[in-house]
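Please open the structure in a viewer and keep the selection panel at hand. The tour below proceeds one selection at a time.

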Amino acid sequence: MTIMKTMLLKTLADTMALGRLLGQCAQPGDVICLDGDLGAGKTTLTQAIAQGLGVPAGDYVTSPSFAILHEYQGRLPLYHMDFYRLTGAADIQDMGLDEYFFLSGLSVLEWSARAGDLVPATRLKINLTIGPDDSRLLTCDPGIGTWQERWQNLIMTT
Ligand SMILES: Nc1ncnc2c1ncn2[C@@H]1O[C@H](COP(=O)(O)OP(=O)(O)O)[C@@H](O)[C@H]1O
Ligand SMILES: [Mg+2]
C-alpha cells in the first residue's frame with residue numbers, strides 16, 4: 001500500500017521545521033526526491049534537512065545548480081544534487097550520480113523526475129507547489145520502504 005499525504009506549510013518556518021525533522025530521522029542510504037517549480041522551496045527544504053543532519057550552519061551553500069552535486073558532512077553525509085540543468089537519466093548515469101543513491105549518506109535530489117527509473121523505489125518523494133502568501137502545498141509519496149512509518153511518526157510531531 002502506498003500512502004499519499006498532503007500538508008500545508010503556511011510559512012517558511014513550517015518548511016524549515018519539517019526539513020529539520022526529515023534530517024533528524026534520515027538513515028544511511030536514504031533518498032529524498034524534491035520536485036516542484038522554481039522557487040517552490042526545494043533548496044530551502046534541503047537547507048533545513050542539512051540543519052537536521054547537523055551540518056554546520058556555515059558549511060551550507062544555497063544552490064548546487066551549477067555544481068550539480070554538493071556534499072556536506074553531518075551526522076551522515078548529505079549528497080545534495082540538482083538535476084535542473086540535466087536533460088535526463090542518461091546524463092545522470094554518465095556522470096555516475098546514481099551511484100550516490102546507494103552510498104551510506106542521505107541523497108537529496110532536486111528535479112528528481114529527471115532521474116526517472118534510476119531512483120530507488122524506497123525513496124521519499126516530495127512535491128512542493130506555491131500557494132497564497134508564503135504558503136506551500138506539500139504532497140508526499142513515501143514509496144515502498146521505511147519512509148511510510150517514518151513519515152507517519154513525523155507528521156504526528158508537527
Ligand atoms: N513556506 C515556504 N517554504 C519554502 N520557501 C519559502 C516559503 N515561503 C517563502 N519561501 C521562499 O521561497 C524561496 C524558495 O526558493 P528555493 O528554495 O530556492 O526554491 P527551489 O529550490 O524550489 O527553486 C526562498 O526564497 C524562500 O525563502
Ligand atoms: Mg533549488
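Begin by selecting β3 and strand β4 (residues 77–82), which run antiparallel and are joined by five bridges. Within this pair, Q73 stands opposite P77 in β4. Helices (H or I, at least four residues) and strands (E, at least two) are DSSP runs, numbered from the N terminus, and two strands pair if DSSP finds at least two bridges between them. Strands of a sheet pair through backbone hydrogen bonds, either parallel or antiparallel.

The model is predicted: local features need pLDDT of at least 70 and side-chain atom pairs count only at pLDDT 80 or more, while totals for chains, interfaces and linings use all residues. Residues are numbered from 1 along each chain as its sequence is written, chains are lettered from A and ligands numbered from 1 in the order in which they are written, and side-chain values use heavy atoms, with hydrogens and water left out.

Next, extend the selection to the whole sheet. The sheet is open, with seven strands in the order β1-β7-β6-β2-β5-β4-β3 and mixed pairing. At its edges lie β1 (5–9) and β3 (69–73), each of which pairs on one side only. On average, neighbouring strands are turned by 20 degrees against each other, direction ignored.

Now add the helices. Helix α2 (residues 42–53) packs on the sheet and touches β2 (31–35), β4, β5 (106–110) and β6 (124–130); its direction makes about 170 degrees with that of β5. Here axes are lines fitted to C-alpha atoms, for helices over the stretch in contact, and angles run from 0 to 180 degrees between N-to-C directions. Contact means heavy atoms within 4.5 Å. Helix α4 (residues 147–157) also packs on the sheet, touching β1, β2, β6 and β7 (136–141), at about 35 degrees to the direction of β1.

Which residues have the most contacts inside the largest nonpolar core? Select L18, L22, I32, I126, L138 and W151, in a core of 28 residues. Such a core is a set of buried Ala, Val, Leu, Ile, Met, Phe, Trp, Tyr and Cys residues joined through side-chain atoms within 4.5 Å. The largest share of this core, four residues, comes from α2.

Finally, select R123, in the loop between β5 and β6. R123 counts as buried because its relative accessibility is 13%, where buried means under 20% relative accessible area (1.4 Å probe, protein chains only). The side chains of R123 and D141 are joined by a polar contact of 3.1 Å, a pair of N or O atoms within 3.5 Å, one able to donate a hydrogen and the other to accept it, where residues adjacent in sequence count only if both atoms are side-chain atoms.

Technical notes
Buried < 20%, exposed > 50% of the residue type's maximum accessible area, 1.4 Å probe, protein only.
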